[in-house]
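Colleague: Could you walk me through reading a few local features in a model?

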Amino acid sequence: MVASNGHRAILVAGQERPMIDEGDGSFERLLRNHQCPRCRSAIKLLRDDVHKREYACTVCNLKIIDVKGDTEG
C-alpha cells in the first residue's frame with residue numbers, strides 16, 4: 001500500500017486500513033507535531049535542507065523523506 005499526498009509517498013506493508021486519508025491534512029499535521037504517521041510515537045528530524053527533510057520514528061523505525069518541489073514554500 002502506498003500513501004501519497006502529491007509530492008510525498010511512503011510505502012506501508014501489512015496495513016488493514018490506510019495510514020492517512022489523502023487530502024485531509026493528517027500527514028502534514030503529524031509531521032508538524034513530531035509524530036509518526038504509523039504508530040503516533042515521536043519522530044526525529046534527521047535532515048532539514050531547503051528542499052528535503054528526513055524523519056525517523058523512534059519506535060517503529062519508519063523513515064519519512066519529505067521532498068518539496070520548486071513551486072512550494
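Modeller: Gladly; we will go through a hairpin, some backbone angles and a helix residue. This is a predicted model, where local features need pLDDT of at least 70, side-chain atom pairs count only at pLDDT 80 or more, and totals for chains, interfaces and linings use all residues. Residues are numbered from 1 along each chain as its sequence is written, and side-chain values use heavy atoms, leaving out hydrogens and water.

Colleague: Which faces does strand β5 have, and which residues lie on each?

Modeller: In a regular strand, side chains alternate between the two faces of the sheet. Here β5 (residues 63-67) has I64 and D66 on its covered face, with K63, I65 and V67 on the uncovered one. Strands are DSSP runs of E, at least two residues, and helices are runs of H or I, at least four, numbered from the N terminus.

Colleague: How many bridges join β4 to β5?

Modeller: Strands pair if DSSP finds at least two bridges between them. Strand β4 (residues 52-57) runs antiparallel to β5, with five bridges; E54, for one, has I65 as its bridge partner in β5. Five residues separate the strands of this hairpin, where N61 has a positive phi near 65°.

Colleague: And H34: buried, partly exposed or exposed?

Modeller: Buried means under 20% relative accessible area, exposed over 50%, and partly exposed in between (1.4 Å probe, protein chains only). H34 has 45% relative accessibility, so it counts as partly exposed. H34 sits in the loop between α1 (26-32) and β3 (43-48), and its phi is positive, near 55°.

Colleague: What about S26 in helix α1?

Modeller: S26 counts as buried because its relative accessibility is 14%.
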